[in-house]
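Subject: Structure handover

Hello,

Here is the structure I promised to pass on. Please open it alongside this message; my notes follow below.

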Amino acid sequence: MNIGTMIGMLMQGFVISLEVFGLTLVGAVPLGVVVALGRLSKFAPLRFLTKIYISIMRGTPLMLQMFAVFFMPYYVFGIETGAGFKFTACIIAFIINYAAYFAEIYRSGIQSMPRGQYEAAQVLGYSPTQTFFRIILPQVIKRILPAMGNEIITLIKDTSLAFSVGVAEMFTSSKALVASQRTMVPFMIAAAIYWITCLLIEFGISRAEKKLGYYHD
Amino acid sequence: MTNPQTPAVSVLHARKSFGNKVVLDDVSLNIMPGEVLSMIGPSGAGKSTMLRCMTLLDRYDSAQFSYGDLSVCDNGQDGRAIYSRDAEREARMRFGIVFQHYNLFPHYTVLKNITDAPIVVQKRDRTEVEAEAMELLRQLDLLEHANKVPCELSGGQQQRVADEATSALDPKLTADMQRLIRVLASEGMAVGIVTHEMGFAKLVSDRIAFLFDGEIAEEGPAEQVIDDPQDPRTRRFLSQAED
């Protein structure tokens with residue numbers, strides 16, 4: 001098998017990896033805001049629950065969480081799920097896992113904002129919602145970009161864990177190719193693709209940092 | 001319109017404690033329309049707490065407190081202040097506040113720092129608000145900086161945007177601030193200032209209140225309080241402030 005064919009097959013898997021990556025971001029970035037606000041809530045039971053949630057999500061393996069989500073409908077609720085549920089379970093697990101990490105990053109950003117910004121907004125009559133979305137959040141985004149970059153780069157590599165519940169992403173394809181073709185080349189190609197993707201993410205993050213670099217506080 | 005005889009801001013018998021510490025102990029203060037009042041006194045005397053409560057950043061434990069004819073809080077049967085949320089909201093439309101630290105929004109331009117709240121909160125017309133803001137910036141000699149963000153301005157310029165008047169300003173800027181405060185007052189606005197600059201307080205104020213340990217130890221015309229203080233605590237404070 002020539003390298004071109006291998007790359008073609010790996011790219012098919014890579015499309016699935018990107019789907020896992022993209023859907024996780026689309027779900028976890030906003031869900032993280034909700035979790036962070038819960039974690040910062042004045043209502044103690046909610047604060048406690050989100051704290052436990054974050055602790056479990058960070059304290060247990062993502063692979064185990066994927067299996068838990070995959071098997072839960074059958075073992076807990078007695079619902080039969082089709083083969084297509086593999087992918088759904090994988091995405092759900094990724095989203096709830098990454099939302100916990102994002103939430104802690106958001107919290108660090110929100111708590112780093114000086115009280116004066118809230119007071120200035122309050123004096124000017126902004127509602128709490130307006131204060132959060134117009135004054136606090138835009139500044140928080142700038143502050144948390146480097147930490148988010150870390151997490152997003154980890155995510156693209158973590159998509160290979162989807163292999164464990166049988167989602168045929170790029171790592172699955174490369175492993176199959178290595179076994180059938182008796183060569184390390186597919187792994188090297190896969191590694192190159194992951195790395196190039198990370199370079200693109202790094203580029204995107206630094207562009208965003210430059211764009212928000214028009215001010216400092 | 002407010003009757004010129006009604007104080008623009010009136011606080012009667014204000015009390016406030018943080019835990020066991022009494023910060024304000026029966027303080028009464030009012031500012032008439034067009035009047036400039038400065039509060040001076042040592043750190044911890046209660047000046048800032050007084051101003052924070054007057055600007056609704058904090059609440060009195062008990063007080064009768066009103067903006068013109070709008071009552072913001074009054075005491076209930078148990079003697080504790082009861083605030084009306086509607087009155088608080090309405091009162092916030094009636095005053096502006098300038099912080100010791102600039103507290104500009106760093107991600108907004110100078111112009112947007114001034115116009116965002118009137119447009120977003122008070123739902124006023126953008127064109128009109130921006131025209132007013134440009135006029136204000138012209139008065140402050142900051143017109144050319146309208147589209148810069150705060151970090152591109154010098155400290156003094158930031159402070160002028162924030163409309164604050166005190167020590168970080170050089171003498172020329174202090175004179176500018178003094179003129180601006182007088183202009184605002186001549187338009188009928190009541191101005192309350194907390195400052196540690198005695199010279200500035202004397203120049204800009206009509207009246208000065210000297211706070212000490214949560215009480216008003218002395219209050220009177222600016223020149224008299226600074227040049228001929230009656231209360232021994234004021235004398236001691238002023239002689240130390242000169243050093």
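Let me start with the interface. Here, 18 residues of chain A are in contact with 16 residues of chain B. On the chain A side, α5 (115-123) and α6 (128-158) each supply at least two of the residues that touch chain B. The most comes from α5(A), which gives six residues. By type, this side of chain A divides into eight nonpolar, seven polar and three charged residues.

Keep in mind that this is a predicted model. Chain A averages a pLDDT of 93. In that chain, 100% of the residues score at least 70. Among its elements, helix α2 (residues 44-59) has the highest mean pLDDT, at 97. The lowest mean, 82, belongs to α5(A). That is the helix that gives the most to the side of chain A touching chain B. As a general caution, predicted coordinates should not be read in detail where pLDDT is low.

Next, the nonpolar cores. The largest has 44 residues. Which of them touch the most other members? They are V11(B) and A209(B). Strand β2 (residues 21-31) of chain B provides the largest share of this core, five residues. Leaving aside neighbours within four places in sequence, V11(B) is in contact with V27(B), S28(B), L29(B) and N30(B). The other contacts of V11(B) on that basis are M54(B), A63(B) and F65(B). Another core lies apart from the largest one and has 43 residues. Its members include L10(A), V69(A), I152(A) and A190(A). In soluble globular proteins, nonpolar side chains tend to be buried together.

Two backbone spots deserve a look.

- R182(A): phi is near 50°, a positive value in a residue other than glycine. R182(A) sits in the loop between α7 (170-181) and α8 (185-211) of chain A. Is R182(A) buried or exposed? R182(A) has 7 other C-beta atoms within 10 Å, so it counts as exposed; the cut-off is 12 or fewer.

- D213(B): phi is again near 50° and positive, in a residue other than glycine. D213(B) is in the loop between β8 (207-212) and β9 (215-221) of chain B. D213(B) counts as partly exposed because it has 14 C-beta neighbours inside 10 Å.

When you go through the model, I would begin with the interface, then the cores, then these two loops.

Best wishes

Definitions and conventions
Residues numbered from 1 in each chain as written. Chains lettered and ligands numbered in written order. Predicted model: local features only at pLDDT ≥ 70, side-chain atom pairs only at ≥ 80, totals over all residues. Contact = placed C-beta atoms within 7 Å. Helix = DSSP H or I, 4+ residues; strand = E, 2+ residues; numbered from the N terminus. Nonpolar A, V, L, I, M, F, W, Y, C, P; charged D, E, K, R; others polar. Buried ≥ 20, exposed ≤ 12 C-beta atoms within 10 Å, placed from the backbone. pLDDT = per-residue confidence, 0-100. Core = buried A, V, L, I, M, F, W, Y, C linked by C-beta atoms within 7 Å.
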